[in-house]
There are 2 protein chains.
Amino acid sequence: MDRAPAGSLHAAAVLPAGGSGERLGGSIPKQFCTVLGRPLICHTLESFERVTWIKDIVVVVASENLDLMKTIVNKYGHKRITVVVGGETRHRSIFNGLKVFLDGQSLGSVIQKPEVVIIHDAVRPFVEEDILLQVAISARQYGAAGAVRPLVSTVIASSPEGCLDHSLERAKYRASEMPQAFLFDIIYQAYLKCTEYDLDFGTECLHLALEYSNTKAKLLEGPPDLWKVTYKRDLYAAESMIKERLSQHLCIITNINEEAIEVGFQLHENLKHHISHVKAISLSMYKTVQDLQNIFHGECYNFICINVKESDLEETCKLVDLLKNGKVTTSYPLVVISIHLTVPNCCSSDTQTLTGIRQLAKEAKKSNILVYGLLITYSKDASRLQESVCEGSSIITALIKVRNPALLGQIMTV
Amino acid sequence: MDRAPAGSLHAAAVLPAGGSGERLGGSIPKQFCTVLGRPLICHTLESFERVTWIKDIVVVVASENLDLMKTIVNKYGHKRITVVVGGETRHRSIFNGLKVFLDGQSLGSVIQKPEVVIIHDAVRPFVEEDILLQVAISARQYGAAGAVRPLVSTVIASSPEGCLDHSLERAKYRASEMPQAFLFDIIYQAYLKCTEYDLDFGTECLHLALEYSNTKAKLLEGPPDLWKVTYKRDLYAAESMIKERLSQHLCIITNINEEAIEVGFQLHENLKHHISHVKAISLSMYKTVQDLQNIFHGECYNFICINVKESDLEETCKLVDLLKNGKVTTSYPLVVISIHLTVPNCCSSDTQTLTGIRQLAKEAKKSNILVYGLLITYSKDASRLQESVCEGSSIITALIKVRNPALLGQIMTV
């Protein structure tokens, strides 16, 4: 395959987002359902925005959702997006999206006709740059390309009486997924030439390219995560998958106090069994949020901060301030767990810590940072300390994986 | 359709559970992956055990999982199950499962050949009695029947060069799902007559019935929840769907103290917005676990118990004891939230409550009951109380929906 560098590609994307969400059984179209605090479509847009060689992203929505979509683009700060109104059917919507690249001038927009156009569903949020690049490059070579997957179920044809007519041999067929990519002129000409019947009842862009532009699309095996969010269970799956991804990295921050270092070290050992990548740094090792992000190449969404004193929030406050000002918090909620060491059998009230953490958590929430507290009983007895740390690690893991805003500001105890 | 009462049906089920879980990317076959504390297959078995007219359930596993499966059946107390070893392929495994009904005698088992046999995948946990009855009754009438679903993706055929050959018109085809049902002799004869190629590479029982027993299966539109747990995301979806179902009902238990009743009433009002069915009863209204279960026809998995004093656990203990002894706790984790009222600005230590709840929670865990604590500040000021109750309701909802054992014994505060 022609593995030309992406830099030389002039590509754009059209994202049909006109679905009505009937199959979800809800009234909200699925692309606008909330997943981890943001509409599902925002997660898809972010996947495209990360890909620098895709110059323009055209989102096609039903007319009744035009304002909603524009609000979403503004509210969540999406870039390179043009929102247009679609047609009655999927094909009519995609066609409307394509026309924007030719009408660009008349809209006063700077959109230019691309060499390659990628078509992708708004309800397939987990599309990676790798498969986008593969379909784009194949489209340049073959004129059209699309991702496919093995069939999960056997496909059968029904007789008019609702009985089995015949079944297809599963291994000979594939499910056609997204993304697909086309040389712009090939798919545009196909849409110009196709019939009203195609526009009304067709579902497959690759078919139009074959039928009306005589172009046999290259089929590429895509990853399983390309699946289309169709049912309510798919929304659950999407949220869990994002949470899983956000829970891969954890940064433990300790000060140089001996007890804090000991607890930090033991937490590190324990948490390695629950979380893929755990790193510990001392307070003095970071000055800016960049220092923190460098640790995990910007992939860290979870921090624990070990304060020595029960009532001391200073170090957690410093961390939260850094994260707030670092503007790394726009898309996904960050988790900060403020750990405080306490001595065994001490019944000193933690009212002060409690109030402090709740106030901090309330403020931090505005910047999409979820702050929780954790009191760990610090014992000189090694096995008792180990027990507390072990239980604390389970709680930390749960807070990170669950990422539930209802519990923010709460103080857990072990 | 012949809607004969299920009582007159002599039906049995064969559940192929021999899959290797390759597509999940893990080493554990998906039917044995843990979902809410139990292997996925347990959830499927429970769906079948609920259906009284299915007399026998034959589970077919790979030989290396025979002991594991027998252990699971014992550990989780499954009934009417026979575990047998399968073959190299899906069809060979199902055939082995069917043979059990004829070899029943030689195994010293009481299994009898059924009139109708239902075939269902172990990795489709959400099968309801309604669709099982539909396929069974249709099988009696037509000889064979199976659940189908609309195709989510267009199905395409690939050329030898990996390019699009043609696409199928989506509306004309269906995905063949499970359950399927057959007159026993029809499917058994089909397996006897089919070729080695069928046994090695075939995927569709309905096809065998058509080809070798000349029986056109009736196709029935199934619900979306019949889908097959195939990828990791499907495990997430399954777990979330079960949690969602367990979170439908909540029972609030208060004593007759004025403050407790007031808080109970306000919680009731607030929680109705988060949880479909909320009922409040007073302590004196129940003596046995049956009294509690009657409230929601045995469907209640969530309880909150309002204790007046901060340190008083008596009423929560009584509830937990009842639930333990009532043996309602075998399959899904129950949630019990122990609510304690506290006065504003009181910094009295809650060490006592804390220790009490943690001990209670530790004990209750053994019976699959998750106990959490919640301190609500009781204020005479109506709006401040309302604020606490509102925040408390969010926490209660989160604890119920998240159902996370790592947080048990923790005390939340509002």
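The largest cavity of this predicted model encloses about 660 Å³ of space. Of the 33 residues that line this cavity, Val152(A), Ser153(A), Arg233(A), Val152(B) and Arg233(B) are the closest to its centre. In total, the structure holds five cavities of 30 Å³ or more.

Both chains contribute to the lining of the largest cavity. The elements tabulated below each supply at least two residues of that lining.

| Element | Residues in chain A | Residues in chain B |
|---|---|---|
| Strand E7 | 144–150 | 144–150 |
| Strand E10 | 173–183 | 173–183 |
| Helix H8 | 232–246 | 232–246 |

By residue class, the lining of the largest cavity comprises 18 nonpolar, four polar and 11 charged residues.

The arrangement of the chains may be described next. A turn of 180° with a shift of 0.0 Å along the axis lays chain B on chain A with an RMSD of 0.1 Å. The two copies are therefore related as by a two-fold rotation axis. Of the interface residues of chain B, 100% are also interface residues in chain A, so the copies meet through the same surface.

One residue of helix H8 in chain B is described individually. Lys243(B) is found in this helix. Is Lys243(B) buried or exposed? Its relative accessibility is 17%, and because buried means under 20%, Lys243(B) counts as buried. When residues up to four places away in sequence are not counted, Lys243(B) touches Leu36(B), Lys401(B), Val402(B) and Arg403(B).

Definitions and conventions
Residues numbered from 1 in each chain as written. Chains lettered and ligands numbered in written order. Predicted model: local features only at pLDDT ≥ 70, side-chain atom pairs only at ≥ 80, totals over all residues. Heavy atoms only, no water. 1 Å grid on protein atoms, 1.4 Å probe; cavity = no way out; pocket = protein on both sides within 12 Å on 5 of 7 lines; lining within 4 Å. Points joined across faces, edges and corners; volume = space filled by probe spheres on them. Helix = DSSP H or I, 4+ residues; strand = E, 2+ residues; numbered from the N terminus. Nonpolar A, V, L, I, M, F, W, Y, C, P; charged D, E, K, R; others polar. Least-squares fit on C-alpha atoms with pLDDT ≥ 70 in both. Contact = heavy atoms within 4.5 Å. Buried < 20%, exposed > 50% of the residue type's maximum accessible area, 1.4 Å probe, protein only.
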